[in-house]
Amino acid sequence: MPLSVAVAGASGYAGGELLRLLAAHPELEVTTVTAHSNAGQLLGDVQPHLRSLAHLRLAETTPENLAGADIVLIALPHGQSGAVTAELPDDVIVVDCGADHRLADEAAWERFYGGDFFGAWEYGLPELLVDGGAGKQRQNLAGSTRIAAPGCNASAVTLALAPALAAGVGLAQDLVTVLAVGTSGAGKSLKTSLLASEIAGSASAYQVGGVHRHIPEIQQNLTAAGAVDPTLSFTPVLVPMSRGILATATAPLAPGASAADVRAAYGDAYGDEPFVQLLPEGVFPRSGDTTGANTALIGVAVDEAANRIVALCAIDNLVKGTAGAAIQSLNIALGFEETLALPVNGVAP
Ligand SMILES: NC(=O)c1ccc[n+]([C@@H]2O[C@H](COP(=O)([O-])OP(=O)(O)OC[C@H]3O[C@@H](n4cnc5c(N)ncnc54)[C@H](OP(=O)(O)O)[C@@H]3O)[C@@H](O)[C@H]2O)c1
């Protein structure tokens, strides 16, 4: 008997991607889908690409409508999920794709988000180095019933920088990150700045100057990996693609560390990972190669003249950046094979 799954926020981009992946999961069955302004509609009318689930009707997002399922996956705007999850029974397994349960530091929550603070759940990035690099986050996800899926930009930057900092080949201060980000990262609701005529043929930075909400999440992750008080400049740039992130992250090279040490650190961290793949020396990732896949592609170089490590990470923001990470973490929590129902191959061209 498959376990039953409810998806809250099923009319949005992250919810839609959860459903696309769940539809191919042999151990899980989607029984409930909920929405806000689209409640009452058939899923097939709102997400016409989800053919096998088109018959499901979107209910209102309430704890009562979600509570009957074995598993609840939540893809609501930040600030909306905490109140809902607080009402769900303890024996229901909950994965929140929003930010409400990512940050452990209430002051950081207050500064970057504001509103009620709901506290941190197990963080849904299995490949995250923890305990200063001695372990991986997957060990903490086994058997967990409350999981916070990571932010998409936070995943890309964390995966790019954590191995260098955990191994001590990079320094944790003066980290500089610039990300090319596709428009689906901003969600499905209408915004003038996201109209095709505004973004086609143009690139624009947003949330510049240390204000982006993923900064404290990245610092929290890098600290788990062993960095002490990491400082980070973070600049996302909206580019005309619907999906994908290409993060370029640089860190000062630690005194005495060589380019071979840096490559070894990334090889040790990701050599056995099914979804995080280190590209050969001199090869750097393209975001398009991760489209539709739960794969993160990493490329690393050392800029000798600048004395910096340059690490690039490409992911699909909707797969490894959210829905894929959620289902990968859920697979671990439930004791299923970690890779179940998660594509490693992208869609091209
Ligand atoms: N997009 C990404 O790449 C990405 C990556 C990582 C994490 N996330 C996180 O996933 C969550 C959803 O993001 P998204 O991009 O999927 O956004 P979205 O496309 O705008 O979808 C939002 C969903 O929440 C519902 N909703 C809107 N306002 C609501 C309210 N006041 N109360 C209850 N439900 C409400 C919407 O329902 P109606 O459409 O019916 O109004 C829709 O189903 C966010 O927390 C986001 O940070 C997104």
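## A walk through the model, starting at Asp131

Let's begin at Asp131, which has 14 C-beta neighbours inside 10 Å and so counts as partly exposed. On this scale a residue with 20 or more other C-beta atoms within 10 Å of its own is buried, one with 12 or fewer is exposed, and anything in between is partly exposed, with C-beta atoms placed from the backbone. Before going on, note that this is a predicted model: local features need pLDDT of at least 70, side-chain atom pairs count only at pLDDT 80 or more, and totals for chains, interfaces and linings use all residues. Residues are numbered from 1 along each chain as its sequence is written.

Asp131 sits in the loop between strand S7 (129-130) and strand S8 (135-136); helices (H or I, at least four residues) and strands (E, at least two) are DSSP runs numbered from the N terminus. Asp131 has a positive phi of about 50° although it is not a glycine. Most residues other than glycine have a negative phi, and most peptide bonds are trans. Gln207 goes against that habit too, with a positive phi of about 45°, in the loop between strand S11 (204-205) and helix H9 (214-224).

Now for the inside. The largest nonpolar core (buried Ala, Val, Leu, Ile, Met, Phe, Trp, Tyr and Cys residues joined through C-beta atoms within 7 Å) has 105 residues, and Cys313 and Val7 are among those with the most contacts inside it. Helix H7 (residues 152-167) provides the largest share of this core, 12 residues. Leaving aside neighbours within four places in sequence, Cys313 is in contact (C-beta atoms, placed from the backbone, within 7 Å) with residues including Ala156, Ala247 and Ile298.

Next, follow helix H11 (residues 319-334), which spans only 19 Å between its end C-alpha atoms, where a straight helix of 16 residues would span 22 Å at 1.5 Å a residue; that expected span is 1.5 Å times one less than the number of residues. H11 bends by about 45° at Ala325, the bend being the angle between axes fitted to the seven residues ending there and the seven starting there. Because 15 of its 16 residues are buried, H11 is largely enclosed by the rest of the structure. Just after H11, Gly335 takes a positive phi of about 80°. In the segment after H11 you'll also find Pro349, joined to Ala348 by a cis peptide bond with omega about 0°.

Terms used:
Contact = placed C-beta atoms within 7 Å.
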